[in-house]
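User: Hi! I have a structure open on my screen and would like to talk it through with you. Could you have a look?

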Amino acid sequence: MSSERTSLITARPPGLVDVLDRILDKGLVIAGDIKVSLANVELLTLQIRLLVCSIDKAEQIGLNWWRYDTNLTTRAAAAEAENVELRERIAALEREIRELAAAPSRIEAAGRGARKDSKARAAGKGAARKSRKRPPP
């Protein structure tokens with residue numbers, strides 16, 4: 001009778017813990033595609049890929065994104081500080097570019113104003129010369 005009990009105990013169906021242990025050890029992949037079409041025109045495609053496994057198994061197959069995710073690592077503060085510094089540098093460069101782009105138009109405007117003044121002066125000198133050259137009546 002004890003042999004019958006032993007065989008019944010070993011032949012029991014796997015429990016949730018056993019199933020989870022096997023899934024985490026071996027891994028489980030669920031993949032699927034969902035396509036929404038209207039009149040043979042594809043409107044939307046969803047590609048679903050799900051991998052369930054332990055961290056050890058994920059590292060064995062080359063998945064270790066959590067090591068480099070800035071939201072999950074201690075490097076997040078350093079990366080954020082670098083981002084702030086880079087944003088400030090970009091803003092400074094954009095200000096310089098705007099100033100340099102505006103500078104030629106100011107120079108041209110100043111040059112046009114100087115040309116108008118010189119033309120007016122030349123016209124005034126020409127009129128003065130003509131009035132001197134006229135013989136008296």
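**Salt bridges and the rest**

Analyst: Happy to help! The structure holds two salt bridges. Keep in mind that this is a predicted model.

User: Nice, let's start there. Which residue forms a salt bridge with Asp-33?

Analyst: That would be Arg-49, and the closest N and O atoms of the pair are 3.2 Å apart. Arg-49 belongs to strand S2 and Asp-33 to strand S1, so the salt bridge ties together parts that are 16 residues apart in sequence.

User: And is Arg-49 buried or exposed?

Analyst: Arg-49 counts as exposed, because its relative accessibility is 53% and the cut-off for exposed is over 50%. Asp-33 is partly exposed, with a relative accessible area of 46%.

User: Does Asp-33 face anything else? I mean, which residue in S2 does Asp-33 stand opposite?

Analyst: In S2, the residue opposite Asp-33 is Gln-47.

User: OK, and what about the other salt bridge, which side chain does Glu-80 meet?

Analyst: The side chain of Glu-80 meets that of Arg-87, at 3.8 Å from N to O. Glu-80 is partly exposed, with 41% relative accessible area, while Arg-87 counts as exposed at 52%.

User: Let's zoom out. How many helices and strands are there in the protein chain?

Analyst: The protein chain has four helices and two strands. Starting at the N terminus, the order of the elements is α-α-β-β-α-α.

User: How do S1 and S2 run, and how many bridges join them?

Analyst: S1 covers residues 28-38 and S2 covers residues 41-52; they run antiparallel, joined by 11 bridges. Together they form a hairpin with two residues between the strands. In that turn, Ala-39 has a positive phi of about 55 degrees.

User: Which residue in S2 is the bridge partner of Val-36?

Analyst: Leu-44 is the bridge partner of Val-36. Leu-44 counts as partly exposed, with a relative accessibility of 43%.

User: Interesting. Which residues form the nonpolar patch on the surface?

Analyst: Val-36 and Leu-44 are both in the nonpolar patch, along with Ile-34, Leu-38, Val-41, Leu-43, Leu-46 and Ile-48. Together these residues have about 700 Å² of accessible area. S1 and S2 each supply at least two residues of the patch, and the largest share, five residues, comes from S2.

User: So what percentage of the residues of the protein chain count as buried?

Analyst: Of its 137 residues, 2% count as buried. The accessible surface of the chain is about 12600 Å², and 58% of that belongs to carbon and sulfur atoms.

User: And the contacts: what share comes from residues 24 or more positions apart?

Analyst: Such pairs account for 20% of the contacts in the protein chain with a separation of 6 or more.

User: Last topic, confidence. What is the mean pLDDT of the protein chain?

Analyst: The mean pLDDT is 76, and 66% of the residues reach 70 or more.

User: Which elements have the lowest and highest mean pLDDT?

Analyst: Helix H1, residues 2-10, has the lowest mean at 55, and S2 has the highest at 88. S2 is also the strand that holds Arg-49 of the salt bridge with Asp-33, as well as Leu-44.

User: Great, thanks for walking me through it!

Note on methods. Residues are numbered from 1 along each chain as its sequence is written. This is a predicted model: local features need pLDDT of at least 70, side-chain atom pairs count only at pLDDT 80 or more; totals for chains, interfaces and linings use all residues. Side-chain values use heavy atoms; hydrogens and water are left out. Buried means under 20% relative accessible area, exposed over 50%, partly exposed in between (1.4 Å probe, protein chains only). Contact means heavy atoms within 4.5 Å. Accessible areas come from the Shrake-Rupley method with a 1.4 Å probe; for residues, only the protein chains shown count as cover. Two strands pair if DSSP finds at least two bridges between them. Patches are made of residues with over 30% relative accessible area and no salt bridge: like charges are joined within 9 Å, nonpolar side chains (Val, Leu, Ile, Met, Phe, Trp, Tyr) within 5 Å. A salt bridge is a side-chain nitrogen of Lys or Arg within 4 Å of a carboxyl oxygen of Asp or Glu. pLDDT is the predictor's confidence in each residue, from 0 to 100.
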